[in-house]
Amino acid sequence: MRFPARMLAAAALFLASLPVGGLSSSAVKADIIVTAAPVYEPLAALTGGERFPKGAQLLLVHDGKAEPLVTGLAASADANVSFDGKTVLFAGKQAATDPWQIWELTLATHAVRKVLATETDAIRPLYLPGLLPEGRLVYARRGPQGFQLETARASEAPPSYASVDTTPAIIQITFLPGSAIPADVLADGRILFEAGFPLGSNSEGHPTAELFLVYSDGSGVESYRCDHGSARWGGKQLTSGDVVFTHGATLVRFTSPLAHEAPIAAPHADFAGAIAETASGEWLVSARANASARFALKFWKPGTPGLISLLAEPGKDIVEPVLVTPRHRPNRHPSGLHDWSYANLMALDARLSRAGDLKSTPASVQLETQDAQGHAVVTGTTPVDPDGSFFVKVPGDKPIRFALLDEKGAVVRQEQGWFYIRRGEQRICTGCHTGPERASENRVPAVLMRTTTPVDLTGVTPADAAQPKAPGGK
Amino acid sequence: MTGRNKIGMHAAAVGFALLAAVFFAIALMPGRPVRAVERDTASDLLDYASPLELLFSPDGKRLYVLCQQSNEIRVFDAATYAVINNIAVGRTPRGFALSPSGDRLFVANSWDDTLSVIDTAKLSVIATWPVGAEPSGVVEDRVAKHLFVANRISNDIAVLDALTGEEQKRLLGGRGASYLTLSPDGARIYATHIYPNPSPLRTGLENRTVPESEITVIDAARAVVLDRIPLHSVAGVFHLAFSNDGRLGVVAEYHPKNLVPLAHLEHGGAFAHTLTLFGADIGKPIEVPLDELERYAAQPFGVAIAPDKSRIYVTCGGSEMVTVIDVPRLMRFIHTHAGPYVQDLSASSNYVVAHIPVGRNPRGLALTRDGRKLLVANRLDDTISVIDSRTLRVASTITMAGPKTVSVLRRGEQTFYTARQSFQGQIGCATCHIDSTFDGLTWDLEPDGFGRDVVDNKLLEGVKDTEPYKWNGGNPNLPTECGPRTEKYFWRSQNYSDLTLTDLVVYVRSMPTRPNRFRLPGGELTPAQERGLALFSRTVDKFGKPIAESNRCSFCHSGPKGTNQKLSDVGTRKATDNAGLLKAAPLTNIALTAPFLHDGSARTLEEIWTVYNPDDKHGRTNDLTKDELNDLIEYLRTR
């Protein structure tokens with residue numbers, strides 16, 4: 001790629017402004033990439049807004065010096081290093097008025113290529129492990145109802161003859177009446193993402209940020225934990241499996257044993273989430289003294305009292321640090337979605353809930369979806385079996401929510417938000433909002449002793465069903 | 001075997017690995033059929049020690065290691081871990097125990113149905129006693145009067161004269177009786193079993209009811225069963241241990257979710273891995289989970305309690321770790337929180353204090369007398385991890401003498417036993433195929449529809465060359481059965497690499513078949529078996545009417561494995577089955593594999609014909625008397 005002379009001049013001016021004297025090259029041996037931005041609004045995308053309203057630029061911190069990682073683009077942000085440590089995905093704009101697009105830089109040559117051309121903003125790309133070396137990527141693309149997650153092939157080349165990746169080039173994997181922004185790909189292969197809580201909160205409101213999970217084929221969407229907090233974002237997984245994130249402005253973590261978040265004894269500061277962990281277990285964090293200060297890149301050894309400054313720049317926030325090193329490849333999720341236009345869902349015991357188990361069995365369950373205008377539409381009801389089980393066929397790839405009704409049809413419990421099930425997904429819920437800590441009992445659900453045919457709550461009439469369906473992927 | 005021969009075998013194994021990989025990579029190319037890899041590599045298995053169980057001598061100076069694959073007891077100096085002696089025993093030893101004085105070591109040889117008696121002063125076998133079918137555990141009482149032997153196949157505990165080995169009687173144990181523990185006061189023997197007990201009553205829904213297991217409690221002095229402690233919804237019960245004061249008992253077990261459609265693994269969707277606690281400290285037995293929300297304690301097997309009762313250690317064969325429980329915290333938890341606990345994946349945060357990574361497929365474990373060291377037998381690594389119980393870290397690793405290279409078969413077996421491949425490490429092949437066999441359960445797998453095509457889990461022995469696989473014949477070969485199908489609908493987290501799948505398939509294809517206990521030593525048949533063979537092979541019924549070829553036992557169950565590998569409708573289709581065409585089941589060791597039929601609805605072989613063959617579609621059998629059916633069954637047991 002050729003770059004205009006004025007861009008090079010701008011880069012030279014920028015380099016001169018960097019406070020390289022603040023760097024501690026010995027603290028971190030690997031190169032670091034950060035995003036520097038005059039204004040950083042980390043949760044803006046959840047309401048359809050711009051996280052970097054005054055632009056942003058990726059910086060490569062090498063041997064104690066920071067320099068622009070990418071030249072020739074008007075803006076760059078959201079770096080994600082490939083598993084082999086050789087390439088970097090990022091969101092970039094060729095011109096300031098362009099939408100954010102997904103780009104990839106080869107570290108050895110600094111050559112960049114546009115991975116994805118979209119008409120609307122595409123942000124926060126993350127590498128996904130694929131069956132082929134090039135794998136896939138996940139990112140958030142702006143749509144009519146906010147950002148939705150999509151996955152795409154990381155390579156422009158068609159699959160090679162030996163490829164078993166026959167999936168479409170681009171697959172939408174979230175279907176929410178609100179935004180979803182990817183945060184990390186976990187070791188188990190699931191995608192950690194930020195969205196408003198309750199899930200599917202309208203993008204025009206002021207949703208509380210929360211962390212959710214979804215498989216790379218869009219199935220299994222759920223809350224990471226159900227002790228929902230006031231604002232959780234910027235989650236990253238450590239090699240231990242813990243997920244560290246910002247709750248409000250404080251660093252906290254989810255651990256495998258606990259159903260609730262656990263505190264981190266970090267030095268007092270505001271943190272911007274999205275930490276990076278070094279090979280020896282130290283953390284790179286974006287922190288600031290208070291809300292009126294700027295985020296700077298800090299080095300912290302957990303268990304020690306202080307943060308060590310690595311990079312700060314007046315008038316800019318330094319956020320989203322990533323290490324330029326090879327890293328462990330997450331698991332590749334083998335999709336088991338069926339070739340259906342709908343999905344099946346079974347609740348094992350609708351009485352169970354984190355909000356308190358119901359004393360009596362609800363009479364029926366009602367399903368709602370949304371019409372094109374975002375209005376709730378009831379698609380049907382079905383009785384709940386005495387053991388609290390029900391088995392229903394629901395519309396796939398559409399926002400849905402359940403309500404439990406008493407014998408008079410009054411709502412006993414209702415989901416606060418919206419979720420979705422992928423087309424072809426068969427899903428089991430232990431209860432209604434039981435939390436991930438609640439495992440199923442070993443018993444045959446009573447509904448399956450009556451019938452193995454799910455009650456059709458898709459709201460699709462036979463005439464509708466005769467119409468051609470839109471494809472699940474694009 | 002000479003050293004040169006061994007080197008040759010290793011070279012051959014490595015060469016074969018490459019060859020197999022190439023074959024398999026070719027097989028996976030689009031447009032090419034997926035083919036099974038051809039090679040009989042069973043002999044490769046003989047090279048490894050495969051340490052399974054550990055024991056310290058009463059004075060703590062010796063360490064005895066039961067080596068399952070090399071058919072040995074290896075004796076080490078417990079201070080230096082220097083080898084003192086290797087003692088050859090019978091085929092595939094599975095359990096061993098020292099006499100209370102430590103002067104004799106009894107070894108249960110599971111595949112030749114013998115007990116080796118080792119003089120620990122001479123370190124040599126002084127007697128080999130014939131015992132029951134597949135002896136798996138052994139223990140002697142305190143007064144050297146009785147020797148108790150758990151027989152896995154005959155589901156009983158044989159009581160032997162401890163001096164002569166003469167069998168005096170048998171006590172009914174649980175199905176797959178395997179592990180025995182003497183209480184610290186010597187008054188009782190506790191027996192566990194690896195398969196769920198058969199349903200006592202025929203209800204028509206046996207295959208959809210909760211599995212039940214038990215701890216069989218035996219009076220050591222009188223050699224009678226005192227009690228059967230029920231283990232509700234448990235299938236797969238392994239080692240049991242007591243605290244030194246005898247007030248706390250703990251047993252490692254599997255808690256399957258086989259009745260719930262297996263749609264995903266998250267939230268304990270397939271298994272809970274648990275301990276049942278019992279004894280005076282506990283009162284009514286309590287089941288507590290070992291799992292966490294995102295990390296499972298797959299295949300708990302060995303269990304030990306620290307001498308000061310401060311900790312419980314559990315080996316988790318699939319998770320390749322030792323789970324450490326703080327006993328005071330555990331007690332506090334169960335005394336302050338109402339149960340049941342098994343459905344709570346956050347419960348273990350109250351008492352599990354460490355997970356210690358060890359080698360592959362950790363099984364038996366032993367604590368030094370002072371409790372400072374915990375030794376763990378890593379069966380598929382040929383190593384023993386020595387854990388410092390103060391730091392809860394592996395302080396050193398003892399490497400067993402043996403091959404340094406890892407053969408294709410060995411890698412395949414490691415893949416078979418590990419839970420690494422599945423979502424959050426919840427299950428491995430060996431979770432449902434316990435000790436490479438089966439689990440005695442029926443499962444509701446997701447792809448056929450919830451509640452539809454409920455299937456009985458079958459034995460893997462002799463599975464080679466019996467394709468297609470699955471009851472409905474849906475998988476044409478083992479690479480498909482073990483690969484894409486397993487990845488999508490069981491592991492739900494990770495694809496195998498081609499090489500790993502090749503290793504696994506080679507292992508599964510080479511699984512040796514256990515000796516058949518129902519055949520006479522010379523291979524001839526008893527009169528009843530002869531009569532059964534005649535019925536199996538007959539072409540006309542008792543009224544002289546010809547039996548259509550397709551309705552003869554010997555037609556569908558033909559060939560060396562007892563299957564013509566074809567699908568047919570034998571009238572056993574249920575309303576919840578998607579199709580009535582089912583593959584003729586192989587007959588290899590068929591008598592061991594209850595329940596029967598594709599959905600496990602027949603509790604016994606007899607019920608196949610007395611209950612589920614009203615129209616003679618599953619062979620012409622309604623003309624047979626009960627005695628004749630018994631003859632037929634006697635013959636089938638020889639397969």
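How many bridges pair β11(B) with strand β12 (residues 167-172) of chain B, and in which sense do the two strands run? In this predicted model, β11(B) and β12(B) pair in the antiparallel sense, over 5 bridges. Within that pairing, Val159(B) of β11(B) faces Lys169(B) in β12(B). The two strands make up a hairpin with 5 residues between them, and Gly165(B), which sits in the turn, has a positive phi of about 80°.

On its other pairing, β11(B) is joined to strand β10 (residues 146-151) of chain B by 6 bridges, again in an antiparallel arrangement. Here Val149(B) is found opposite Ala158(B) of β11(B). A hairpin is formed by β10(B) and β11(B) too, with 4 residues between the strands, and Asn155(B) in this hairpin adopts a positive phi near 60°. Strand β11 (residues 156-161) of chain B thus has β10(B) as one partner and β12(B) as another. Is this strand enclosed or exposed? Of its 6 residues, 5 are buried, so the strand is largely enclosed by the rest of the structure. As background, side chains in a regular strand alternate between the two faces of the sheet.

It helps to step back to chain B as a whole. The chain contains 11 helices and 32 strands. Its radius of gyration is 24 Å, close to the 26 Å given by the globule rule for 639 residues, so chain B is as compact as a globular protein of that length. Taken along the principal axes, the C-alpha atoms of chain B fill a box of roughly 75 × 60 × 60 Å. Burial applies to 56% of the 639 residues in this chain. Among contacts in chain B with a separation of 6 or more, 55% link residues 24 or more positions apart. The domain assignment of chain B lists domain 1 (52-198 + 223-232) and domain 2 (527-636), and the C-alpha centres of these two domains are 38 Å apart.

Confidence deserves a word alongside these figures. The average pLDDT of chain B is 92, and 93% of the residues score at least 70. Residues 1-43 of chain B, however, have a pLDDT below 50; this stretch makes 60 contacts in the model beyond near neighbours in sequence. For the model, the scores are ipTM 0.89 and pTM 0.91.

A closer look at one residue of chain B gives a local example. Thr431(B) belongs to helix α4 (residues 429-432) of chain B. Why does Thr431(B) count as buried? There are 24 other C-beta atoms within 10 Å of Thr431(B), and the residue is classed as buried because 20 or more suffice. Setting aside neighbours within four places in sequence, Thr431(B) contacts Phe271(B), Ala298(B), Gln299(B), Gly318(B) and Ala419(B). Thr431(B) also lies 9.4 Å from Gly317(B), C-alpha to C-alpha, although 114 residues separate the two in sequence.

Chain A offers a strand with two antiparallel pairings as well. Strand β9 (residues 136-143) of chain A is mostly covered, with 6 of its 8 residues buried. This strand pairs with strand β8 (residues 122-128) of chain A in the antiparallel sense over 5 bridges, and the bridge partner of Leu128(A) in β9(A) is Arg136(A). With strand β10 (residues 146-153) of chain A, β9(A) pairs in the antiparallel sense over 8 bridges. One pair of facing residues is Leu137(A) and Ala152(A), the latter in β10(A). Together, β9(A) and β10(A) form a hairpin with 2 residues between them.

The domain assignment of chain A gives domain 1 (21-157 + 165-324) and domain 2 (342-466). Their C-alpha centres lie 34 Å apart. Contact between them involves 16 residues of domain 1 of chain A and 17 residues of domain 2 of chain A. On the side of domain 1 that touches domain 2, there are 9 nonpolar, 4 polar and 3 charged residues.

Finally, the two chains meet through 45 residues of chain B and 35 residues of chain A. Helix α6 (residues 484-491) of chain B supplies the largest share of the side of chain B that touches chain A, namely 3 residues. By class, this side of chain B comprises 16 nonpolar, 17 polar and 12 charged residues.

Key
Residues are numbered from 1 along each chain as its sequence is written. Chains are lettered from A and ligands numbered from 1 in the order in which they are written. Domain bounds come from an automatic or database domain assignment. Two residues are in contact if their C-beta atoms, placed from the backbone, lie within 7 Å. Ala, Val, Leu, Ile, Met, Phe, Trp, Tyr, Cys and Pro count as nonpolar, Asp, Glu, Lys and Arg as charged, and the others, Gly among them, as polar. pLDDT is the predictor's confidence in each residue, from 0 to 100. The radius of gyration is taken over C-alpha atoms; the globule rule is 2.2 Å times the number of residues to the power 0.38. A residue is buried if 20 or more other C-beta atoms lie within 10 Å of its own, exposed if 12 or fewer, and partly exposed in between; C-beta atoms are placed from the backbone. Two strands pair if DSSP finds at least two bridges between them.
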